[in-house]
Amino acid sequence: MSFDREADLSELLSGEGLESLGKSLAGLLGEDYALVSSKGEWLLGRAGEGRKSISIRLELEPLGHLEASCDEARLRGAAGLVTALLKEARRYHMASELHLEAVHADYEALQEKHHSLLKSEEKYRKLAAELDLRVKEQVRTIETAQRQLYQAEKLASVGQLAAGVAHEINNPLGFVRSNLATAGSYLKDLKGLSGLEGASVSSYWKANGLDFVLEDFAQLLEESVTGVDRVARIVSNLKDFSSVDGSGKKSVDLCENLRSVGELVSGQAGGRIEFEYDLSPLPPFSCFPGHINQMLLNILMNAVQSIEGGGRIRIFSRFESGEILIGIADDGCGIPDEAISRVFDPFYTTRVVGSGTGLGLTVSRDIATAHGGSIGIESAPGRGTEVRIRFPAGGGK
Ligand SMILES: Nc1ncnc2c1ncn2[C@@H]1O[C@H](COP(=O)(O)OP(=O)(O)OP(=O)(O)O)[C@@H](O)[C@H]1O
Ligand SMILES: [Mg+2]
């Protein structure tokens, strides 16, 4: 829109204004007249011949002419009327153009503002997304570092396990020691036989109750062998567990891992929990045994911690449809429905502050996944929990 351009006659006179002007002119000039624009457009009246004509100007600019067959004075008067009307119309026209121009300018300014707002919004959105990404990355890095730290710490904390194991070993050691002392005294009794002959042998035999001594000797030897076997077994379990050496992959029988970690943990539970082994043979499994043991320990410790007082833990294995399944089920407190989806989340724990990291299951899942497997948990609050781990036969990637 150009503000400088002058409006022509047809722009200034149109619609109702033009119609009522037509009526006034017909009244003044009769029917034989015409109003024609400088471009030759017939605006009012009709064509005729032999008419007088008068130019219509506005501020010296010719806009058209009025012609009629009436006398000149009337024609002049009529032209004056048209000019006056045109002046008004132009003023109105200019004002409205000015108004439009102003509105348009406002609109353009608004549009510009809108654009720059859009631009800065886009910029902030990008920035926010970048920031979000960076924060997420940082959180991931921290979480990974924490998990690694946890794993290193837990693997190194065989010492902690060993404290419980030492206690467990002390008991058989105690009775083997006392049995050995008794055996020493029995041996002394038996030594008294040397050099005796004839009737004195039988009277010594009776007096020292050697029948009982021999019987008890055999019994305490047998008991001691059992005790020593138990110690050997505990030590071997601990050795299995800590033969972590972390580095190499090994082919193992997961049933053995289940049994040895199970026995280690059952020793820690101090007899209040009954451990049931329901192990079906499994094909050899190639894995990092230290990590697998860590995973089993985490799950078994959770099971033990879920049982207050007496209870039962079932450790089972199956080989079905080309898949290894191992599981640990407890009859402990169970997990409320609203919490079950969170137990694998890093740092989710319901233990009293300081006693759990909330990483036990997170790391267990990491370990299962790293071996190409998966881990699932099902729980009935108040009745118990079952954790199942599945691996492809043969071992992970
Ligand atoms: N067998 C289970 N019975 C009941 N609740 C369980 C069992 N296993 C896990 N949970 C719940 O899941 C939470 C998370 O377990 P997770 O092993 O990851 O961490 P944690 O045991 O709290 O800590 P940490 O393992 O470091 O000692 C536990 O705090 C507990 O509330
Ligand atoms: Mg735990």
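**Notes on the predicted model: R318, its sheet and the overall shape**

1. Let me start with one side chain: R318 is partly exposed, with a relative accessible area of 26%. Please keep in mind throughout that this is a predicted model, and that its side-chain atom pairs are counted only at pLDDT 80 or more.

2. What does R318 meet? R318 forms a salt bridge with D278, and their closest N and O atoms are 2.8 Å apart. This pair links distant parts of the chain, since D278 sits in strand β6 and R318 in strand β8, with their positions 40 residues apart. D278, at a relative accessible area of 22%, falls in the partly exposed class because buried would require under 20%. R318 belongs to that class as well, because its 26% lies between the 20% and 50% limits.

3. The two strands just named belong to an open sheet of 5 strands, ordered β6-β8-β9-β11-β10, in which the pairing is mixed. Which strands form the edges? They are β6 (273-279) and β10 (374-380), each of which pairs on one side only. From one strand to the next, the twist averages 15°.

4. As background for reading the sheet, strands pair through backbone hydrogen bonds, in either a parallel or an antiparallel sense. In this model, β6 and β8 (residues 311-320) run parallel to each other and share 7 bridges. For a landmark to click on, try F275, which stands opposite I313 in β8.

5. Helix α7 (residues 254-268) packs on this sheet, where it touches β6, β8, β9 (323-330) and β11 (384-392). The direction of α7 makes about 175° with that of β6. Helix α8 (residues 289-306) lies across β6, β8, β9, β10 and β11, and it runs at about 25° to β9.

6. How do β8 and β9 pair? They do so in the antiparallel sense, over 8 bridges. The two strands form a hairpin with 2 residues between them. S321, in that turn, has a positive phi of about 40°. Here E320 has E323 in β9 as its bridge partner.

7. On to the next neighbour in the sheet: β9 and β11 are also paired in the antiparallel sense, over 8 bridges. I328 stands opposite V387 in β11. How much of β9 is buried? The strand is mostly covered, with 7 of its 8 residues counting as buried.

8. Away from the sheet, helix α3 (residues 72-156) carries R125 and E121, which lie 4 residues apart, or about one turn of the helix. The side chains of R125 and E121 meet in a salt bridge at 3.6 Å, N to O. E121 counts as partly exposed because its relative accessibility is 42%.

9. A further pair in helix α3 is worth a look: the side chains of K136 and D132 form a salt bridge at 3.2 Å, N to O. Why are K136 and D132 about one helical turn apart? They are separated by that much because they sit 4 residues apart in helix α3. K136 is classed as partly exposed because its relative accessibility comes to 48%, and D132 is partly exposed because its value is 40%.

10. How many salt bridges are there in total? The count comes to 21. Among the residues involved, D32, R51 and E67 are linked in a network of salt bridges.

11. Now the whole chain. The secondary structure of the protein comes to 10 helices and 11 strands. A compact globule of 397 residues would have a radius of gyration near 21 Å, whereas this protein has 53 Å. The C-alpha trace spans about 185 × 40 × 35 Å along its principal axes.

12. Finally, burial and contacts. Of the 397 residues, 34% count as buried. The protein exposes about 23,500 Å², and carbon and sulfur atoms supply 56% of that area. Among contacts with a separation of 6 or more, 68% are between residues 24 or more positions apart.

Definitions and conventions: Residues are numbered from 1 along each chain as its sequence is written. Chains are lettered from A and ligands numbered from 1 in the order in which they are written. This is a predicted model: local features need pLDDT of at least 70, side-chain atom pairs count only at pLDDT 80 or more; totals for chains, interfaces and linings use all residues. Side-chain values use heavy atoms; hydrogens and water are left out. Two strands pair if DSSP finds at least two bridges between them. Axes are lines fitted to C-alpha atoms, for helices over the stretch in contact, and angles run from 0 to 180 degrees between N-to-C directions. Contact means heavy atoms within 4.5 Å. The radius of gyration is taken over C-alpha atoms; the globule rule is 2.2 Å times the number of residues to the power 0.38. Buried means under 20% relative accessible area, exposed over 50%, partly exposed in between (1.4 Å probe, protein chains only). Accessible areas come from the Shrake-Rupley method with a 1.4 Å probe; for residues, only the protein chains shown count as cover. A salt bridge is a side-chain nitrogen of Lys or Arg within 4 Å of a carboxyl oxygen of Asp or Glu.
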